[in-house]
Amino acid sequence: ATKMALRAGLRSKRGLTGVAVMRMQSPPVNSLNLELLTDICIALEKLEMDKSCRGLIITSNQPKVFSAGLDILEMYGKSPEHCGEFWKAVQEMWLKFYGSNLVTIAAINGSSPAGGCLMAMTCDYRIMADNPRYSIGLNETQLGIVAPFWFKDTLMNTVGHRTTEMALELGLLYSPAEALKIGMVDQLVPEDQVLTTATEAMTKWLAIPDHARQITKSMIRKPTIDKLMSNREDDVKNFVKFISKDSIQKSLGVYLEMLKKRKA
Ligand SMILES: CCCCCCCC/C=C\C=C\CC(=O)SCCNC(=O)CCNC(=O)[C@H](O)C(C)(C)COP(=O)(O)OP(=O)(O)OC[C@H]1O[C@@H](n2cnc3c(N)ncnc32)[C@H](O)[C@@H]1OP(=O)(O)O
């Protein structure tokens, strides 16, 4: 049986119709593996085609973590073919979310490093739990890897040029208060209010006529999307070449060991 990695459904609670809530539930930390990425893409594709759906809230069912980012085990010790397939799925997730016609809101109820932060940044609005133990950011350089241009573009479009230089080169992970200050997230609320606040925010976004909002969103995001669309194959090749290097594999191995030791 296939593992159900997320739940998506249309809700009509409190008069809010046409809003789906997607809950990632891939224990222990919602790391984005091929299966979860594929499930997310299929669910989003279905919602996108459903005329009764206008908005999507994405959140986590795992305690303390929104998403740990890309699953390192999909990139460590795997064949070039596997790495290529995996990277195509990462691209697909980004393209679908960044270009979504739906209003997308990230209800970030836990830590959200690297690919988890990327996913949240593809949304139209971000609400994070105000818990100083949580962190969010693109920390790739800390793992000895390089975030590709479309990760960088998404961050730059969100927080601006100078902040991106600092954030990306140093691989900074921000506390919720710091993330709010630089504009990486839009709102902080107590942990138990993240989802209800997301629902309230959704009401505001849905008050705008869909066609006007969608055309405006596309006008702003299309150049960034087109850049990846016209370089998809090269981007996969670059990724496979980069990730297959002995030095990069070694860095990933050391990082995985560090994660395990930190736990012990
Ligand atoms: C020249 C240009 C070329 C361009 C090429 C492009 C190259 C780009 C390549 C890659 C880009 C990658 C982006 C990413 O997303 S990489 C992933 C980065 N993620 C992280 O650094 C997060 C790591 N995890 C954590 O910090 C914590 O786990 C946290 C999310 C804060 C949760 O903490 P906690 O609740 O304490 O949980 P544990 O740390 O105990 O973790 C539980 C188990 O899960 C394993 N784990 C955690 N994260 C990952 C992950 N991302 N992938 C795989 N596995 C992960 C962890 O090891 C524990 O495992 P175990 O129980 O077996 O010990």
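These are my notebook entries on a predicted model of a protein chain with a ligand.

**Entry 1: the whole chain**

I started with the overall build. The protein chain has 10 helices and 9 strands. Its radius of gyration is 18 Å, close to the 18 Å that the globule rule gives for 264 residues, so the chain is as compact as a globular protein of that length. I also looked up the extents: along the principal axes, the C-alpha trace spans about 55 × 45 × 40 Å.

How many of the residues count as buried? Of the 264 residues in the chain, 40% do. I then turned to contacts between residues at least 6 apart in sequence, and 76% of these join residues at least 24 apart.

**Entry 2: the nonpolar core**

The largest nonpolar core holds 68 residues. Which of its members touch the most others? I noted I57, I105, A107, I108, I136 and L138. The largest share of this core comes from helix α2 (residues 80-98), which gives 9 residues.

I picked A107 for a closer look. Leaving aside residues up to four places away in sequence, A107 touches I57, I58, T59, I127, V194, L195 and A198. I57 is thus on the contact list of A107, and I57 is also among the core members that touch the most others.

**Entry 3: strands and their partners**

I took β3 (19-24) first. β3 is mostly covered, with 5 of its 6 residues buried. β3 and β4 run parallel and are joined by 6 bridges. For A20, I found the bridge partner in β4 to be L56.

Next came strand β7 (residues 125-129), also mostly covered: 4 of its 5 residues are buried. I traced two pairings for β7.

- With strand β5 (residues 103-108), β7 pairs in the parallel sense over 4 bridges. Here I105 has Y125 of β7 as its bridge partner.
- With strand β9 (residues 187-189), β7 runs parallel, joined by 3 bridges. Here A129 has V189 of β9 as its bridge partner.

I105 turned up in Entry 2 as well, among the core members that touch the most others.

**Entry 4: around the ligand**

I counted on a shell of residues here and found 28 around the ligand. Which come nearest? They are A68, G69, L70, A114 and G115.

By class, the shell has 17 nonpolar, 6 polar and 5 charged residues. I checked which helices take part: α9 (232-243) and α10 (246-263) each supply at least two residues of the shell. α9 gives the most, with 4 residues.

**Entry 5: backbone oddities**

A reminder to myself: most residues other than glycine have a negative phi, and most peptide bonds are trans. With that in mind, I listed the exceptions I looked up.

The peptide bond from P27 to P28 is cis, with omega near 5°. P28 lies in the loop between β3 and α1.

N30 lies in that loop between β3 and α1 too. Phi of N30 is near 50°, a positive value in a residue other than glycine. Is N30 buried or exposed? N30 has 26 C-beta neighbours inside 10 Å, so it counts as buried.

K64 sits in the loop between β4 and α2. Its phi is near 70°, again positive in a residue other than glycine. K64 has 15 other C-beta atoms within 10 Å, so K64 is partly exposed.

**Entry 6: two exposed residues with distant partners in sequence**

K51 is in the loop between α1 (34-49) and β4 (55-60). Why is K51 exposed? Because K51 has 6 other C-beta atoms within 10 Å, and the cut-off for exposed is 12 or fewer. I looked up its separation from G18: the two are 33 residues apart in sequence and 8.7 Å apart in space, C-alpha to C-alpha.

M229 is in helix α8 (residues 210-229). M229 has 12 C-beta neighbours inside 10 Å, so M229 counts as exposed. From M229 to L95 I found 134 residues in sequence but 8.4 Å in space, C-alpha to C-alpha.

Note on methods
Residues numbered from 1 in each chain as written. Predicted model: local features only at pLDDT ≥ 70, side-chain atom pairs only at ≥ 80, totals over all residues. Core = buried A, V, L, I, M, F, W, Y, C linked by C-beta atoms within 7 Å. Buried ≥ 20, exposed ≤ 12 C-beta atoms within 10 Å, placed from the backbone. Contact = placed C-beta atoms within 7 Å. Near = placed C-beta within 6 Å. Nonpolar A, V, L, I, M, F, W, Y, C, P; charged D, E, K, R; others polar. Rg over C-alpha atoms; globule rule 2.2 N^0.38 Å. Pairing = 2+ DSSP bridges.
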